Amino acid sequence: MRVLLILWLGLLALPLRAEEVIAGLSQRSVALTVNFEGSEILIYGAVRREEPLPDDSDLNVIITIEGPPQTTVVWRKARRLGIWVNTDRQDIRAAPSFYAVATTGPLREILSQDADLTHRISTRLAIFEARGAADPMERASFTEALIRVREGQGLYQQHDGGIDLERETLFSTRLTLPKTIVEGRYAARILLLRDGEVIDEVETFIDVRKAFLEHWLTNLAYEQPFLYGSLALFLAVFFGWGASALFRLMRN
Amino acid sequence: MQVYLPIAETSVNAFTLLGVGGGVGMLSGMFGVGGGFLITPLLFFIGVPPTVAVATGVNQVVASSISGVLAHLKRKTVDLQMGTVLLIGGLIGSLIGIWFFNLMSRLGQIDLIVQLSYVLFLGIIGGLMLQESLRALIRSKNPSAPKRKLHKHYWLHNLPFKMKFRTSGLYISVFPPLLVGMGVGVLAAIMGVGGGFIMVPAMIYLLGMPTKVVIGTSLFQITFVAAFTTMMHAVTNHSVDVMLAIFLILGGVVGAQIGTRVGLKLKAEQLRIALALLVLAVCGKIAFDLLWPPAELYSVTVLGRF
């Protein structure tokens, strides 16, 4: 709270221009360490404005966090010979590996469809399907399934009303990055809205990196797979043989 | 305490992992089985992607069989000639298995293939084990029952390219051991198991090898085939998770030591029935997941990930 207060006082001293958003994050980097269990990020900020508050419209804030995009395939199962088998697929050209939207109110009410299309805010619009032979209805059902599955895993989140907005000036929210997030640069967008339109937007980034050992292991696995395989075998032989040798020593 | 698995890209509870490794290690100490056929499906159940579970399972097999094979080599209870023939078959089989595994991965069917092979093999092994141990239980109560005759000659043994296996005292064609080794190699690549549960009976009943060299020779083949398969998975799929392997191995070696001691104090027949029931339960769980209508018909795979 003290941070917010200082931020707010600082704003008062500045020469006033339009309605603008200023934001901060509780952390700019997340390390995927051995005991990583997920991470909570506090996003806070303030609105600075030159005019007194207009009475006829409400101020709204939307915050999105978007993980690095991935090419994905959504499979649908059907019963074949009594067992459930993946039968149909829809390719997704790019789907964010993580996507969270927090708002000050119901997304459909505070955001016009046009603004959503331009700024690609709702989860549905953050996903780019590949063009395929399947008819649009079919394609949509696969994309909705992708959202449903990932919502279940905490990878896609929508928190309508998840942002606290105080006196139309100070706002804050907490978003949870689950333990299954991938490495990369996560973009955090803070959008200011009036009458369904975006009036200001800032973007900042969160770096999600594997910690030293994990990073080194993954790199080795993908770039020097033969060396990595040898390491895996060495460890297996070392521990497998070493441990039983140790137990033999202990018994004697 | 959670452990982040860098290759599987998720975290799992460290004690769950040590428990899986330790529990299976105990069973392998008690029964002299490798336990790969239990580790891999247990990893599925705790949320490790099947591709990673298979590749890491086969890495764990190397650790669990290495000290055994060294002990057998020292005691000279390894038929190196037979072991080499089985190994050549195993390497060929492993290559075929890896090729098939990667093909099915691309087609999005690998999870299904792995699960189906587990249902099939666990069902067969569990069923046979249960039958065998029930029969042994009856036999121990009724000692006058006739014994089975060992070492019969089949037409298989008379195929061309006959070879003398001195340690085993056999003069048979190289094709049966090659085929046995190959089958085991395919299983190692697709299921992440050592394959002892198939090879040991095949060596005794099909090849007619004397029992005293069977375990050592099969461990000899398993160690090298598992090492080769680990390397192939690491190079082609990048799916071996070293962090996961270490926890399984540590749990496994400690579990095996406890298991060996516990096993000496318990009655073998009852234990064998318990193991058979456990294998059937794991088989049933996987089969149930395949047969029961899933709660979510859709699933998501990410290119280049598991």
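I147(A) lies in helix α5 of chain A. The model is predicted. I147(A) is partly exposed, because 19 other C-beta atoms lie within 10 Å and a buried residue needs 20 or more. Leaving aside residues up to four places away in sequence, I147(A) touches T123(A), R124(A) and Y156(A). R124(A) is 23 residues from I147(A) along the chain, yet their C-alpha atoms are separated by 7.6 Å.

An open sheet of four strands draws on both chains. The strand order is β8(A)-β6(A)-β5(A)-β5(B), and the pairing is antiparallel. The edges are taken by β8 (128-129) of chain A and β5 (298-302) of chain B, each of which pairs on one side only. Helix α5 of chain A, residues 136-152, packs on this sheet. The helix touches β5 (69-80), β6 and β8 of chain A, and also β5 of chain B. Its direction makes about 80° with that of β5(B).

Within the sheet, strand β6 of chain A spans residues 83-96 and is joined to β8(A) by two bridges. These two strands run antiparallel. A94(A) has F128(A) of β8(A) as its bridge partner. The link between the chains is made by β5(A) and β5(B), which pair in the antiparallel sense over five bridges. Here T72(A) is partnered by V302(B) in β5(B).

Contacts between the chains involve 46 residues of chain B and 50 residues of chain A. On the chain B side, at least two residues each come from β1 (2-5), β2 (10-13), α3 (50-74), α8 (211-236), α9 (242-265), α10 (268-291) and β5. Helix α9(B) gives the largest share, eight residues. By class, the side of chain B that touches chain A has 31 nonpolar residues, 13 polar residues and two charged residues.

Helix α7 of chain A, residues 225-251, also meets chain B through its buried residues. At 1.5 Å a residue, its 27 residues should span 39 Å. The end C-alpha atoms are 39 Å apart, so the expected and modelled spans agree. Buried positions in α7(A) are Y228(A), G229(A), A232(A), L233(A), A236(A), F239(A), G240(A) and S244(A). An α-helix has 3.6 residues a turn, so residues three or four places apart point the same way. The buried residues of α7(A) pack against α6 (212-223) of chain A, and against α3, α8 and α9 of chain B.

Chain A is divided into domain 1 (2-207) and domain 2 (211-252). The C-alpha centres of these two domains lie 40 Å apart.

Another open sheet, in chain A, is formed by six strands with mixed pairing. The order is β2-β13-β12-β4-β7-β9. At its edges stand β2 (29-32) and β9 (156-159) of chain A. Each has a single partner strand, so one side of each is left without a neighbour in the sheet. From one strand to the next, the twist averages 15°. The edge strand β2(A) is joined by four bridges to strand β13 of chain A, residues 197-210, and the two run parallel. A31(A) stands opposite R209(A) in β13(A).

Note on methods. Residues are numbered from 1 along each chain as its sequence is written. Chains are lettered from A and ligands numbered from 1 in the order in which they are written. This is a predicted model: local features need pLDDT of at least 70, side-chain atom pairs count only at pLDDT 80 or more; totals for chains, interfaces and linings use all residues. Two strands pair if DSSP finds at least two bridges between them. Two residues are in contact if their C-beta atoms, placed from the backbone, lie within 7 Å. Axes are lines fitted to C-alpha atoms, for helices over the stretch in contact, and angles run from 0 to 180 degrees between N-to-C directions. Ala, Val, Leu, Ile, Met, Phe, Trp, Tyr, Cys and Pro count as nonpolar, Asp, Glu, Lys and Arg as charged, and the others, Gly among them, as polar. The expected span of a helix is 1.5 Å times one less than its number of residues. A residue is buried if 20 or more other C-beta atoms lie within 10 Å of its own, exposed if 12 or fewer, and partly exposed in between; C-beta atoms are placed from the backbone. Domain bounds come from an automatic or database domain assignment.
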